[in-house]
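Here is a short briefing to read with the model open beside you. Take a moment to look it over before starting on the notes.

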Amino acid sequence: MKRYIKNFIPDFRCQKGHDVSFELTDFSREDFVCPIGNKSGIYIISTTNSFKFRYANGKESPIIYIGKSDNLLRRLRDEHYMKHLKVLEENPDYGIAENIQMASKYQYMYYNGCHVDIYKCRGKQESKKLESMFLNAFYQHYRSIPVGNAARSFWSY
């Protein structure tokens, strides 16, 4: 398990860590075969250029965003991430003249790279509960949610 993930969730289910790990921009390669399929689970997006965000208690982490999906492949490839990254790759100043604001998580991903670690749901595990567990553990360690997350998870234990 990556050191920065292990920092905030050391007792997570498996010793080896993530189920799948790759660069988000790999989706743009024609020869890329994504190994996640249409499984549900959570994904952690972190920077790739060794940049770290300083959180409320002074601790640092490269994690940009923790999210969940009931179809990880669709979520990462089609719905949001690749579409927004492509827009910024084509025009880094997109929306400035028109006062259109793109979510900060896409800006962070564009400027600092975006690596993805996938944790698939197992058994009867639900993606919303898994996401909530990770967000809560992150908050407990850094006293803040990741910079790219707009809100806390609403799952109640």
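The notes below go through a helix pair, the buried side of one helix, the cysteines, some loop residues and a strand residue.

This is a predicted model. A good place to begin is the packing of helix H3 (residues 81-90) with helix H4 (residues 104-112). From there, the notes turn to single residues, including Phe 32, which sits in the loop between strand E1 (20-23) and E2, and Val 20, which belongs to strand E1.

**How H3 and H4 pack**

- The axes of H3 and H4 are 10 Å apart, and the two helices pack at an angle of about 60°.
- Their crossing is right-handed.
- On the H3 side, the contact is made by Tyr 81, His 84, Leu 85, Leu 88 and Glu 89. Facing them from H4 are Lys 105, Tyr 106, Gln 107, Met 109 and Tyr 110.
- Sorted by class, the contact between H3 and H4 has 6 nonpolar, 2 polar and 2 charged residues.

**The buried side of H4**

- Which residues of H4 are buried? They are Lys 105, Tyr 106, Met 109 and Asn 112.
- These residues lie on the same side of H4, because they cover an arc of only 160° around the axis.
- As a reminder, an α-helix has 3.6 residues a turn, so residues three or four places apart point the same way.
- The cover over the buried residues of H4 includes strand E2 (41-46), strand E5 (63-69) and H3.
- Just after H4 comes Gly 113, with a positive phi of about 80°.

**Cysteines**

- How many disulfides does the model have? The count comes to 0, taking a disulfide as a pair of cysteine sulfur atoms within 2.5 Å.
- Cys 114 has a relative accessible area of 4%, so this residue is buried.
- Cys 121 also counts as buried, at 18% relative accessibility, since the cut-off for buried is under 20%.

**Loop residues worth a look**

- Phe 32, in the loop between E1 and E2, counts as buried at 19% relative accessibility.
- Leaving out residues up to four places away in sequence, Phe 32 touches Phe 22, Asp 26 and Phe 27.
- Most residues other than glycine have a negative phi, and the next two bullets concern residues with a positive one.
- Ser 50 has a phi near 65°. You will find Ser 50 in the loop between E2 and strand E3 (53-54). Is Ser 50 buried or exposed? With a relative accessible area of 67%, Ser 50 is exposed.
- Asn 99 has a positive phi of about 60°, although it is not a glycine. This residue lies in the loop between H3 and H4, where Asn 99 is exposed, with a relative accessible area of 61%.

**Val 20 in strand E1**

- Val 20 has its place in strand E1 and is buried, with a relative accessible area of 8%.
- Where does the chain bring Val 20 relative to Cys 34? They are 14 residues apart in sequence and 9.2 Å apart in space, taken C-alpha to C-alpha.
- Setting aside neighbours within four places in sequence, the contacts of Val 20 are Pro 35, Ile 36, Val 116, Asp 117, Ile 118 and Lys 120.

Definitions and conventions:
Residues are numbered from 1 along each chain as its sequence is written. This is a predicted model: local features need pLDDT of at least 70, side-chain atom pairs count only at pLDDT 80 or more; totals for chains, interfaces and linings use all residues. Side-chain values use heavy atoms; hydrogens and water are left out. Axes are lines fitted to C-alpha atoms, for helices over the stretch in contact, and angles run from 0 to 180 degrees between N-to-C directions. Helices (H or I, at least four residues) and strands (E, at least two) are DSSP runs, numbered from the N terminus. A crossing is left-handed if the near helix is turned anticlockwise from the far one by less than a right angle, and right-handed if clockwise. Contact means heavy atoms within 4.5 Å. Ala, Val, Leu, Ile, Met, Phe, Trp, Tyr, Cys and Pro count as nonpolar, Asp, Glu, Lys and Arg as charged, and the others, Gly among them, as polar. Buried means under 20% relative accessible area, exposed over 50%, partly exposed in between (1.4 Å probe, protein chains only). The arc is that of the directions from the helix axis to the C-beta atoms.
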